[in-house]
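Dear colleague,

Please find below the structure that I am handing over to you. My notes on its sheet and helices follow.

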Amino acid sequence: MVVPFAAIFGQAEDCDRILMSGLQVLLVAGTHGNEINGPWLLDQWSQTPELINTHGVGVVPVIGNPEALALGQRYLDCDLNRSFRLDLLRSPSILDREVVRAKQLLSFFGPEGSTPCQIVIDLHSTTAAMGSTLVVYGRRPADLALAALIQARLGLPIYLHDGDADQQGFLVERWPCGLVIEIGPVPQGLLKACIIEQTRLAVQACLKVLSSVSSGLATYPDQFVVHSHLGSLDLPRNTLGHPAACVHPYLQGRDWQPLQVGAPLFLRPDGEVFRFEGRDSPIPVFINEAAYVEKQIAMSLTYREVCPLPEQWQGALQQLVDC
Ligand SMILES: [Zn+2]
């Protein structure tokens with residue numbers, strides 16, 4: 001089920017305003033139905049249009065997984081944000097509701113859809129103490145140019161997720177340009193004022209940046225910082241596959257702080273401590289993220305990269321914005 005524009009914005013005149021401009025930014029909330037702050041922000045925005053200044057950019061707001069949101073569940077059959085794999089999208093026999101929904105979103109709002117959008121912003125929340133984070137999948141020039149501009153404006157960290165064969169099929173990958181705005185910490189299913197406000201500010205900054213690109217006034221940084229995905233750690237498990245230890249209390253909440261040799265990672269009930277024995281001080285993120293329990297991920301590790309921002313990347317974003 002697609003939430004119609006009118007259901008989001010309430011008034012037909014607002015819909016007309018949105019659909020008139022060239023660039024259309026798809027603003028998705030509720031891709032995971034138990035992350036309710038983004039959907040709540042969109043709902044409030046529909047009632048109070050001045051809540052978010054779009055800076056003249058056309059925005060198409062949509063609830064990613066309305067059925068899961070109505071039930072307060074992350075998903076119904078499978079994770080919508082892993083359902084955009086090409087093999088799933090091309091298979092007529094896979095009837096998982098999230099895969100069907102992924103196809104539907106693309107048919108409506110994909111680059112070849114009935115209401116084509118060139119850029120997608122996907123709003124998420126995390127139970128981890130990550131603060132506000134931009135998540136980019138792969139190293140597409142337009143994605144990185146956009147993320148660099150937002151980072152220059154707000155100072156947000158960029159988590160660059162690529163090269164993980166176990167984690168594929170993210171929503172934003174099916175649009176020419178897109179990124180995730182991830183805000184935490186907040187429990188699943190809980191509204192929290194500071195999370196809503198951080199989400200609002202991040203969305204507004206993103207639209208401001210796109211507006212500046214559109215008007216040719218964007219000031220690109222020479223370089224930007226990304227935290228590139230290295231891999232993920234699972235909890236220690238017993239022979240039955242059950243957790244034998246939990247995240248060490250010292251580590252809980254220390255996202256973005258480099259792991260030194262000997263740092264406590266996991267704690268067993270008998271007091272035994274599992275310590276980090278690797279090298280190069282990787283930087284942990286998504287520590288004890290509730291949604292990743294089922295994926296057997298206790299945290300992911302990253303390394304910090306300072307990347308130059310080539311002019312061609314700026315051109316890639318400009319080309320999309322000038323569509
Ligand atoms: Zn999510």
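Which residue stands opposite Leu134 in β5? The residue opposite Leu134 there is Ile158. Before I go on, please note that this is a predicted model, in which local features need pLDDT of at least 70 and side-chain atom pairs count only at pLDDT 80 or more, whereas totals for chains, interfaces and linings use all residues. Residue numbers run from 1 along each chain as its sequence is written. Helices (H or I, at least four residues) and strands (E, at least two) are DSSP runs, numbered from the N terminus.

The sheet

Leu134 belongs to the pairing of β4 (residues 132-137) with β5 (residues 158-161), which is parallel and has four bridges; two strands count as paired if DSSP finds at least two bridges between them. These strands are part of an open, mixed sheet of nine, ordered β2-β1-β3-β6-β4-β5-β7-β12-β11. At its edges lie β2 (58-63) and β11 (283-285), each of which pairs on one side only. From one strand to the next, the twist averages 30°.

On its other side, β5 runs parallel to β7 (residues 223-233), joined by two bridges, with Tyr159 partnered by His227 in β7. Strand β7 in turn pairs with β12 (residues 299-308) in the antiparallel sense over ten bridges; here Val226 is opposite Glu305 in β12.

Helices α7 and α8

Helix α8 (residues 193-214) has 22 residues, which at 1.5 Å a residue should span 32 Å (the expected span is 1.5 Å times one less than the number of residues); the end C-alpha atoms are 31 Å apart, in agreement. Its buried residues (20 or more other C-beta atoms within 10 Å of their own; exposed means 12 or fewer, partly exposed in between, with C-beta atoms placed from the backbone) include Ile195, Ala202, Cys206 and Val213. The buried residues cover an arc of only 165° around the axis (taken from the directions from the helix axis to the C-beta atoms), which puts them on the same side of α8. The face turned away from that side carries the exposed Ala193 and Cys194.

Helix α7 (residues 141-154) packs on α8 at about 120°, with the axes 10 Å apart; axes are lines fitted to C-alpha atoms, for helices over the stretch in contact, and angles run from 0 to 180 degrees between N-to-C directions. Among the residues that meet, by C-beta atoms placed from the backbone and within 7 Å, are Leu146 and Ile150 in α7 and Ala205 and Val209 in α8.

Yours sincerely

Definitions and conventions: Two residues are in contact if their C-beta atoms, placed from the backbone, lie within 7 Å.
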